[in-house]
Amino acid sequence: MSTGLKTTMRREVGRLASRRIYLFTMVLVPVLMSLFFVDLLGPGLPLKIPSAIVDLDHSPMSRSIARSINSTELIDITCRLESYEAAMEATRKGDIFGFFIIPSNFQSDALAGRTPTLEYYTNMTYFVPGTLAYKGFKTVAVGTAGSMVRATLISAGADPETVGSLIRPLNVDAHPIGNPWTNYSYYLTPSFLAGLFALMIMLVTSFSISNEIKSGTSAGWLSAARGRMSVALAGKLIPQFVIWVVGAMFMLSLLYGYCHFPMNGSMVAMVFATLLFVSASQAMGVLFVSIVPNPRLSMTLAALFGILSFSFVGFSFPVQSMYGAIGIFSYLMPVRYYFLIYVNEALNGVALYYSRWYFIALIAFPFVCSVLMLRLKKACLTPVYVP
């Protein structure tokens with residue numbers, strides 16, 4: 001290890017220890033956000049969505065339907081209302097996420113074969129609870145319709161076994177690949193943590209470098225590295241890298257050790273991907289400072305880039321279905337490749353060969369982001385702070 005690198009690293013350790021903001025952003029925030037998301041999504045799937053039922057019939061059949069709805073694991077009938085208007089008002093207030101309407105004369109119309117209509121409404125402003133309420137309501141509605149058709153055909157003299165095969169000609173045997181428990185936490189928690197972790201790394205990297213320029217100490221920083229910008233960056237980023245890696249290992253141990261998240265592939269590959277992910281995120285922070293050597297502007301770029309990554313990398317909407325001009329931005333974000341490695345290694349357990357290009361992309365980030373190193377060196381030698 002060269003003298004310049006040792007001197008720069010020693011200098012950076014002193015700077016990290018001298019300001020509490022580094023302790024907060026590099027240690028406390030990753031730990032707290034890990035515990036927060038693990039606790040928030042602990043059940044894996046939201047159950048017992050607060051809902052209402054509007055029973056305008058008050059017949060034995062309508063009460064049976066109400067009991068069927070309340071017995072499902074997704075729906076919790078928290079109130080029984082007497083009108084559509086009252087149910088809509090409760091939905092607008094956020095007291096319930098959906099309601100099921102049983103029309104008047106439902107039982108008599110059903111027994112007379114007049115095909116009554118069951119209605120259900122869900123609040124899709126809240127996507128997850130609205131979708132789950134919709135699923136629960138639809139299951140009960142389809143089951144009720146099938147039961148009514150079956151009873152009508154049997155009463156008309158049809159064979160019960162024949163009726164059953166007509167109503168349900170196929171038995172569906174579903175096998176969700178990678179996440180057979182359909183546990184939301186297994187998918188969302190690692191994704192959100194990776195996105196937030198990358199955001200914090202880029203912000204701290206941008207701040208630590210641009211703050212040297214702001215305070216006028218960048219020339220001394222470069223002097224400690226014997227005038228070599230590559231050594232100066234290495235000496236500054238290596239101590240930070242070590243701290244980030246410790247935090248990342250805490251996250252991995254929390255997810256795959258304590259919480260027993262699925263790991264169907266290689267844990268060694270996942271750890272290696274995490275190391276590359278931290279390095280790639282640091283490189284993006286360096287890139288932002290090189291473009292705009294100003295604390296306020298470089299951190300704004302890092303924050304904007306990090307926040308947009310939640311929308312562009314494919315956590316909730318596939319990149320392949322995005323507009324081309326939008327989807328292309330996903331390939332500029334390190335978290336995109338880390339997310340794909342996680343899906344391949346942890347969830348699907350495919351061979352490492354199929355993730356090779358994602359690893360190469362993470363390795364390439366530090367090299368690609370070093371193209372503006374001369375611009376950063378010039379800004380460090382002649383620091384000019386513009387408020």
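In the predicted model, the lining of the second largest pocket draws at least two residues from each of the helices α10, α11, α15 (356-368) and α16 (373-381). Among these contributors, α10 provides the largest share, with six residues. The space within this pocket amounts to about 360 Å³. Its lining comprises 18 residues, and those nearest the centre of the pocket are Leu233, Ala234, Leu237, Val286 and Pro366. By class, 13 residues of this lining are nonpolar and five are polar, whereas none is charged.

Enclosed space was examined next. Three cavities of 30 Å³ or more were found in a search of the whole structure. A volume of about 130 Å³ was computed for the largest cavity. This cavity is lined by 14 residues, with Pro190, Ala194, Met251, Leu252 and Tyr338 closest to its centre. Two or more lining residues come from each of α8 (184-215), α10 (229-258), α11 (267-291) and α14 (334-348). Helix α10 again appears as a contributor, giving five residues, the largest share of the lining of the largest cavity. The lining of the largest cavity contains 13 nonpolar residues and one polar residue, and charged residues are absent from it. Helices α10 and α11 thus appear in the lining of the largest cavity and also in that of the second largest pocket.

The strands of one part of the model form an open sheet. Four strands are arranged in the order β2-β1-β3-β4, and their pairing is mixed. Strands β2 (75-81) and β4 (119-122) occupy the edges and have a single partner strand each, so that one side of each lacks a neighbour in the sheet. On average, neighbouring strands are turned by 25 degrees against each other when direction is ignored. Strand β1 (residues 49-55) runs parallel to β2, to which six bridges join it. Within this pair, Asp76 of β2 is the residue opposite Pro50.

Two helices are associated with the sheet. Helix α3 (residues 60-71) packs on it and touches β1, β2 and β3 (98-102). The direction of α3 makes about 140 degrees with that of β2. Helix α4 (residues 84-93) lies across β1, β2, β3 and β4, and runs at about 170 degrees to β3.

Confidence in the prediction was assessed by pLDDT. The protein has an average pLDDT of 85, and 92% of the residues score at least 70. Among the elements, α11 has the highest mean pLDDT, 93, while helix α7 (residues 160-167) has the lowest, 65. Predicted coordinates should not be read in detail where pLDDT is low.

Definitions and conventions. Residues are numbered from 1 along each chain as its sequence is written. This is a predicted model: local features need pLDDT of at least 70, side-chain atom pairs count only at pLDDT 80 or more; totals for chains, interfaces and linings use all residues. Side-chain values use heavy atoms; hydrogens and water are left out. Two strands pair if DSSP finds at least two bridges between them. Axes are lines fitted to C-alpha atoms, for helices over the stretch in contact, and angles run from 0 to 180 degrees between N-to-C directions. Contact means heavy atoms within 4.5 Å. On a 1 Å grid over the protein atoms alone, a cavity is a set of points where a 1.4 Å probe fits but cannot get out, and a pocket is an open set with protein on both sides within 12 Å along at least five of seven lines; lining residues have an atom within 4 Å of a point. Grid points are joined across faces, edges and corners, and a volume is the space filled by probe spheres set on the points. Ala, Val, Leu, Ile, Met, Phe, Trp, Tyr, Cys and Pro count as nonpolar, Asp, Glu, Lys and Arg as charged, and the others, Gly among them, as polar. pLDDT is the predictor's confidence in each residue, from 0 to 100.
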